Amino acid sequence: MKTVATILGRVILLLLVWWAFTEGDVSGLGFGLVIAILVAAVSMRLYPRGAARIRPVQLWLFVLFFLGRSVVAGIDVARRVLSPSLPVDPGYFTVHLTLPEGSPRWLLANALSLMPGTLSVSLDGPRLELHCLDTQSSVEEDVRAAEQKVARVFGLPLPDETCHSEGAR
Amino acid sequence: MAFVQVVQGILLVTGCLFFAIGTLGLFRFSDTLLRIHALTKVDNLGLGFIILALVLNAASLAIGVKVLLIWVVALAASATSAHLIARAARLQQGDDSEPKGSHD
């Protein structure tokens, strides 16, 4: 029953995308419905229903947080590029994620690439290697804040503060 | 109407400026990874401004959603490709050659 609900949810979501693609044209709706059902069927194989459910309200909060941070990131890099002395202090930094495997980790790694000062280099199990623009800045706190937001999106218990991390090399 | 057009103009110019700065970063930074920082973050912001300007002018809700969808997909693509290039650059660097400027 839950699987049916998931498929139905995905079909509706895909139909919305189709509606946007065709710019609200109703004549292509029948074709779109067929495509949406086929894609939903394929998506159930590729991305089966996970244990973690997405919380809509938390997702919107995350989107707002992400938008704010990515604007800061863009301005931050632009400022560094335009500054004559090119103030960067690059280096690698490794964090151990407490998020479970799969979508939560991927969402965090990709979001961090667009947030100020960090770029995900490699994700190997719970070990996420970041490249930092400025190793003097508070990378660790930024990552933990983003991690908590991602955990809330998936309705996961918040990562505890005691988890260890190490500055890489 | 004129007010909307002025706002749109400002947003478009700001967006193009950010794209230009992102490209400037490509020339000013010496390291592959630093260049990716400049390209992904600054260009993402530039695209954001341009999308915002276009949404103001959208003829219908569906077109507005479509334009926003373009931004979301471009964001996902840019984050993913940035990650892949960064990983390739890191692997090429090798673990023995210590990257310049890294400490801790």
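User: Which residue in strand 3 of chain A stands opposite His96(A)?

Analyst: This is a predicted model: local features need pLDDT of at least 70, side-chain atom pairs count only at pLDDT 80 or more, and totals for chains, interfaces and linings use all residues. Residues are numbered from 1 along each chain as its sequence is written, while chains are lettered from A and ligands numbered from 1 in the order in which they are written. Strands (E, at least two residues) and helices (H or I, at least four) are DSSP runs, numbered from the N terminus. In strand 3 of chain A, the residue opposite His96(A) is Arg127(A).

User: Over how many bridges do strand 1 and strand 3 of chain A pair?

Analyst: Two strands pair if DSSP finds at least two bridges between them. Strand 3 covers residues 127–132 of chain A. Its antiparallel pairing with strand 1 of chain A runs over six bridges.

User: Which strands of chain A stand at the edges of the sheet?

Analyst: The sheet is open, has three strands and is antiparallel, in the order 1-3-2. Each edge strand has a single partner, so one of its sides is left without a neighbour in the sheet. The edge strands of chain A are strand 1 (91–96) and strand 2 (118–124).

User: By what angle are neighbouring strands of this sheet turned against each other on average?

Analyst: Axes are lines fitted to C-alpha atoms, for helices over the stretch in contact, and angles run from 0 to 180 degrees between N-to-C directions. For this average, direction is ignored. The turn between neighbouring strands is 25°.

User: Which helix of chain B packs on the sheet?

Analyst: Contact here puts the C-beta atoms of two residues, placed from the backbone, within 7 Å. Chain A has its own helix 4 (residues 103–113) across strand 2 and strand 3, at about 150° to strand 2 of chain A. The chain B helix touches strand 2 and strand 3 of chain A, at about 70° to strand 2 of chain A. That element of chain B is helix 3.

User: How many residues of chain B are in contact with chain A?

Analyst: On the chain A side, 33 residues take part. Helix 1 (2–28), helix 2 (32–56) and helix 3 (61–93) of chain B each give two or more residues to the side that touches chain A. Helix 3 of chain B gives the most, with 14 residues. The number of chain B residues in contact is 36.

User: How many residues on that side of chain B are nonpolar?

Analyst: Ala, Val, Leu, Ile, Met, Phe, Trp, Tyr, Cys and Pro count as nonpolar, Asp, Glu, Lys and Arg as charged, and the others, Gly among them, as polar. Polar residues number 10 and charged ones seven. The nonpolar residues number 19.

User: What radius of gyration does chain A have?

Analyst: The radius is taken over C-alpha atoms, and the globule rule is 2.2 Å times the number of residues to the power 0.38. A compact globule of 169 residues would come out near 15 Å. The C-alpha trace of chain A spans about 60 × 40 × 25 Å along its principal axes. Chain A has a radius of gyration of 20 Å.

User: Where in chain B does pLDDT stay under 50?

Analyst: pLDDT is the predictor's confidence in each residue, from 0 to 100. The mean for chain B is 84, and 88% of its residues reach 70 or more. The stretch under 50 has 14 contacts beyond four places in sequence. In chain B, that stretch is residues 96–104.
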